[in-house]
Amino acid sequence: MKKRCDSVAFSIKSGDADMTHGSISSELLKFAIPMAIGLLFQQLYNTVDAMVVGQYVGKAALAAVGSTASIVNMLIGLFAGLSTGAGVVISQAYGAKAEKRLSEAVQTTITLTFILSAVATIIGILIVDPMLRLMDTPEDVLPEAKAYLTIYFAGSTGLLFYNMGSGILRAVGDSRRPLYFLCFAAIVNVVFDLLFVVGFRMGVEGAAYATIISELLSALLVMYVLTKTDAPYAIKWKSLSLHFSAVKQIFSIGFPSSIQQALTSFSNVFVQSYINFFRTDCMAGYSSYNKLDAFILIPVQSLALASSTFVGQNYGAGQLKRGRDGVKKTLYMSIIVTAALTVLTMIFSGPLLSLFNDDPGVIEYGKKFVLIISPFYVTICFNQVFAGALRGIGRSTAPMIIMLSSFVAFRQLFLYCNKAFFGHSFIGTALAYPMGWVVCSILMIICYKRSALGKASDDDAGAV
């Protein structure tokens with residue numbers, strides 16, 4: 001791998017992390033732990049919304065907030081993939097010490113965010129009603145789901161700018177400041193949730209307003225930090241522009257991820273329609289289960305993101321062997337932590353689910369989802385870690401194809417067969433997700449083994 005001609009030495013700023021040197025486990029954990037805490041607080045946004053509306057508004061409101069997740073993720077995921085692409089481009093430039101290329105990538109990323117924010121807001125509002133109808137939302141849930149989604153998409157700019165800005169900081173190894181901003185925003189979200197929903201009795205609309213205000217504040221904080229730094233990755237507002245080479249790289253890496261996330265979430269809209277078949281109690285129970293699911297997966301998600309940045313920097317520095325060793329350690333750590341959390345969740349599923357709604361029917365359905373799906377969580381470690389590693393070396397097309405095949409095509413075929421041959425079995429519906437994870441992990445392992453990273457040897461340790 002040739003060194004870039006624009007590679008120059010620049011100092012590592014406070015808070016950044018050069019992952020091309022030092023203990024692999026230490027570097028991964030120093031990055032992943034703040035990331036995990038950040039994801040924990042990020043999950044508090046929707047979790048607090050669900051808890052407050054579930055306890056103070058009712059199970060129909062809980063079903064409304066929870067069932068909209070696939071629609072939100074469909075649009076947001078489309079643009080989050082580009083954030084992933086930008087992060088890989090920036091981490092590779094940072095690892096290669098290419099100051100000019102790094103600055104151009106940052107200015108391009110922020111310019112793209114302005115454009116994408118406008119597009120996301122307009123499209124989001126327009127698709128609310130059609131998407132809710134498509135997934136056969138029950139009439140007692142529809143009005144509140146529509147209100148929540150409309151407000152959420154109207155304020156989606158804050159979320160997109162936070163994701164892009166924090167993605168820039170994480171690409172240079174700084175996962176702490178995004179964490180601080182998320183902690184602050186999560187606390188604000190809790191305060192406004194209680195104020196709007198409980199105090200002003202604004203229902204799901206209050207929960208939506210609390211969320212978008214909190215996300216906007218986190219975006220302003222991360223933009224402020226990137227503006228004030230004197231590092232090469234600083235935002236230069238007067239110099240914002242689209243550099244063709246950076247746009248090409250960001251889209252070539254990020255667009256496959258965008259398509260994968262958007263289509264997977266669109267597929268989940270149909271999965272939600274299968275769940276909606278069992279009506280409000282099942283929808284509310286599934287919403288409660290989904291909140292627990294999100295917390296269980298935080299460690300593997302944060303470790304996978306750490307691995308992606310680690311691999312990106314070491315690939316940029318020509319250290320394939322070190323990158324591969326980092327992937328191995330990431331996988332081992334994620335399996336151990338995920339297995340432990342799975343066991344705890346299965347044991348305490350009842351009390352945890354009752355935090356969202358104490359209706360017996362809701363809790364019964366929530367327990368069923370936990371017991372059927374949770375044992376398969378460890379399989380997610382393989383597809384997430386290996387996909388992150390492949391994106392770290394710029395190979396994002398293969399993970400996209402594999403995930404689309406597993407999470408969209410296979411999952412929909414599985415659900416169709418369950419409906420056609422087993423009369424819409426509840427167990428079959430619940431197994432749709434874990435069966436997709438298993439297929440995806442098998443294919444991702446094969447793809448990784450055949451990649452340059454998977455074939456790295458001791459001779460690659462100092463390659464450039």
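## Ser451 and its surroundings

Ser451 is buried, with a relative accessible area of 0%, where buried means under 20% relative accessible area, exposed over 50% and partly exposed in between, for a 1.4 Å probe and protein chains only. The model is a predicted one, in which local features need pLDDT of at least 70 and side-chain atom pairs count only at pLDDT 80 or more, while totals for chains, interfaces and linings use all residues. Residues are numbered from 1 along each chain as its sequence is written, and side-chain values use heavy atoms, with hydrogens and water left out.

Ser451 sits in the segment after helix H18 (432-449); helices (H or I, at least four residues) and strands (E, at least two) are DSSP runs, numbered from the N terminus. Leaving aside neighbours within four places in sequence, Ser451 is in contact with Leu390, Ile393 and Arg395, contact meaning heavy atoms within 4.5 Å. Ser451 and Arg395 are 56 residues apart along the chain, and their C-alpha atoms are separated by 8.8 Å.

## The chain as a whole

The chain holds 18 helices and zero strands, and its C-alpha atoms fill a box of roughly 65 × 45 × 35 Å along the principal axes. Its radius of gyration is 22 Å, which agrees with the value near 23 Å for a compact globule of 464 residues; this radius is taken over C-alpha atoms, and the globule rule is 2.2 Å times the number of residues to the power 0.38.

Of the 464 residues, 59% count as buried, and among contacts with a separation of 6 or more, 85% are accounted for by residues 24 or more positions apart.

## Helix H6

Helix H6 (residues 157-171) has 15 residues, which at 1.5 Å a residue should span 21 Å, and its end C-alpha atoms are indeed 21 Å apart; the expected span is 1.5 Å times one less than the number of residues. Because 14 of these 15 residues are buried, H6 is largely enclosed by the rest of the structure. After H6 comes Gly173, whose phi is positive, near 90°.

## A nonpolar patch on the surface

Phe114, Ile115, Val119, Ile123, Trp237 and Leu242 form a nonpolar patch on the surface, with about 510 Å² of accessible area together, as given by the Shrake-Rupley method with a 1.4 Å probe, only the protein chains shown counting as cover for residues. Patches are made of residues with over 30% relative accessible area and no salt bridge, joining like charges within 9 Å and nonpolar side chains (Val, Leu, Ile, Met, Phe, Trp, Tyr) within 5 Å; a salt bridge is a side-chain nitrogen of Lys or Arg within 4 Å of a carboxyl oxygen of Asp or Glu. Within this patch, Val119 is partly exposed, with a relative accessible area of 34%, and lies in helix H4 (residues 99-134).
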